[in-house]
Amino acid sequence: DGRVDSLFIINMDGTPARQISDVSYESVIVWSPDGKLLYFVAPYSGGAAWKVYSYDLARGTTRDLFTIENGTPKFLNPMLSPDGNWIAYRGRDNSSLYLVHPDGSDMHLVLDNVGAVGIDWTSYGWLGVSIGIDDPYVQKVLLINLDTCDSYILNGLQGQLEGLAIQ
């Protein structure tokens with residue numbers, strides 16, 4: 001119907017489309033690992049914060065989960081971990097990286113002042129983030145294993161991370 005500032009779910013055959021939000025500038029986080037919930041965020045409080053929501057596909061209901069007040073007002077770039085335990089997102093300074101559980105608990109800083117931009121998870125649970133520590137215009141990819149705290153800068157890769165697969 002000409003609406004472009006809303007979030008819809010469409011069946012693979014194209015029918016019927018279901019509107020699940022009517023807020024502008026939503027950002028989809030991802031489907032839960034079991035495919036039952038869709039997590040998404042939308043600007044809140046005049047753009048100073050982000051509301052995190054879940055949409056239950058079977059029930060057709062949207063639930064307000066929690067508010068991220070320390071996220072960037074520009075592009076949060078939230079990503080759910082493959083096991084569904086963490087959401088990674090960019091901090092208010094457009095440079096830091098935070099983690100939070102999907103229920104809003106244990107929100108904490110992981111990387112501070114590193115020029116964090118692109119964020120993605122591997123299927124093995126490693127967190128990847130493009131960082132600009134030496135030059136904000138030349139990002140390198142950093143991999144972090146949250147279970148072991150191992151981290152590696154992949155010096156051969158440059159640019160904003162948009163996807164990540166490790167085999």
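Analyst: Let's start with a ground rule: two strands count as paired if DSSP finds at least two bridges between them. Also keep in mind that what you have above is a predicted model.

User: OK, let me try that rule. How many bridges join β9 to β10, and which way do they run?

Analyst: Three bridges join them, and the two strands run antiparallel. One of the pairs to look for is L99 with its bridge partner in β10, H108.

User: What sheet do these strands belong to, and in what order do they sit?

Analyst: To read a sheet, walk across it from strand to strand. Here you get an open sheet of four strands in the order β7-β8-β9-β10, with antiparallel pairing. The edges are β7 (79-80) and β10 (108-111), each of which pairs on one side only.

User: Can you take me across it? How many bridges join β7 to β8?

Analyst: Two bridges, and again the strands run antiparallel. Find L80, which stands opposite I87 in β8. Now stay on I87 and look the other way: V100 in β9 stands opposite this residue. Next step: β8 (residues 87-90) and β9 (residues 97-100) pair in the antiparallel sense over four bridges. Besides I87 with V100, A88 stands opposite L99, and R90 has L97 as its bridge partner. L99 also leads you onward, through its bridge to H108 in β10.

User: What links the strands, and where should I look for unusual backbone angles in those turns?

Analyst: Check the hairpins. The one made by β7 and β8 has six residues between the strands, and G84 there takes a positive phi near 80°. The hairpin of β8 and β9 also has six residues between its strands; in this turn N94 has a positive phi of about 60°.

User: Where else is there a positive phi in a residue that isn't a glycine?

Analyst: Try D106, with a positive phi of about 55°, in the loop between β9 and β10. N113 is another, with phi near 55°; this residue is in the loop between β10 and β11 (119-121).

User: Are those two buried, partly exposed or exposed?

Analyst: Go by relative accessibility: under 20% is buried, over 50% is exposed, and in between is partly exposed. D106 has 45%, so it counts as partly exposed. N113 has 60%, so it counts as exposed.

User: What about side chains in the strands? Which way do they point?

Analyst: In a regular strand, side chains alternate between the two faces of the sheet. Now look at β8: I87 and Y89 lie on one side, A88 and R90 on the other, and all of them are buried. Strand β9 is likewise covered on both faces, with L97 and L99 buried on one side and Y98 and V100 buried on the other.

User: How do I read a polar residue such as Q139? Is it buried or exposed?

Analyst: First place it: Q139 is in strand β13 (residues 138-145). Its relative accessibility is 12%, so Q139 counts as buried. Then look at what surrounds it. Leaving out residues up to four places away in sequence, Q139 touches V117, S130, I131, G132, L157, Q158, G159 and Q160.

User: And a loop glycine, say G35? Where is it?

Analyst: G35 is in the loop between β3 (27-31) and β4 (37-44). At 34% relative accessibility it counts as partly exposed. For spacing, compare sequence with space: G35 and D56 are 21 residues apart along the chain, and their C-alpha atoms are 9.3 Å apart.

User: What lines the largest pocket, and what is its volume?

Analyst: The volume is about 170 Å³. Its lining consists of S81, P82, D83, W86, W121, Y124, G125, W126, N145, L146 and D147. By character, that gives six nonpolar, three polar and two charged residues.

User: Let's zoom out. How many helices and strands does the protein have?

Analyst: Zero helices and 14 strands. Of the 167 residues, 43% count as buried. The protein exposes about 9,300 Å², and carbon and sulfur atoms supply 49% of that area. Lastly, among contacts with a separation of 6 or more, 26% come from residues 24 or more positions apart.

How values were computed:
Residues are numbered from 1 along each chain as its sequence is written. This is a predicted model: local features need pLDDT of at least 70, side-chain atom pairs count only at pLDDT 80 or more; totals for chains, interfaces and linings use all residues. Side-chain values use heavy atoms; hydrogens and water are left out. On a 1 Å grid over the protein atoms alone, a cavity is a set of points where a 1.4 Å probe fits but cannot get out, and a pocket is an open set with protein on both sides within 12 Å along at least five of seven lines; lining residues have an atom within 4 Å of a point. Grid points are joined across faces, edges and corners, and a volume is the space filled by probe spheres set on the points. Ala, Val, Leu, Ile, Met, Phe, Trp, Tyr, Cys and Pro count as nonpolar, Asp, Glu, Lys and Arg as charged, and the others, Gly among them, as polar. Buried means under 20% relative accessible area, exposed over 50%, partly exposed in between (1.4 Å probe, protein chains only). Contact means heavy atoms within 4.5 Å. Accessible areas come from the Shrake-Rupley method with a 1.4 Å probe; for residues, only the protein chains shown count as cover.
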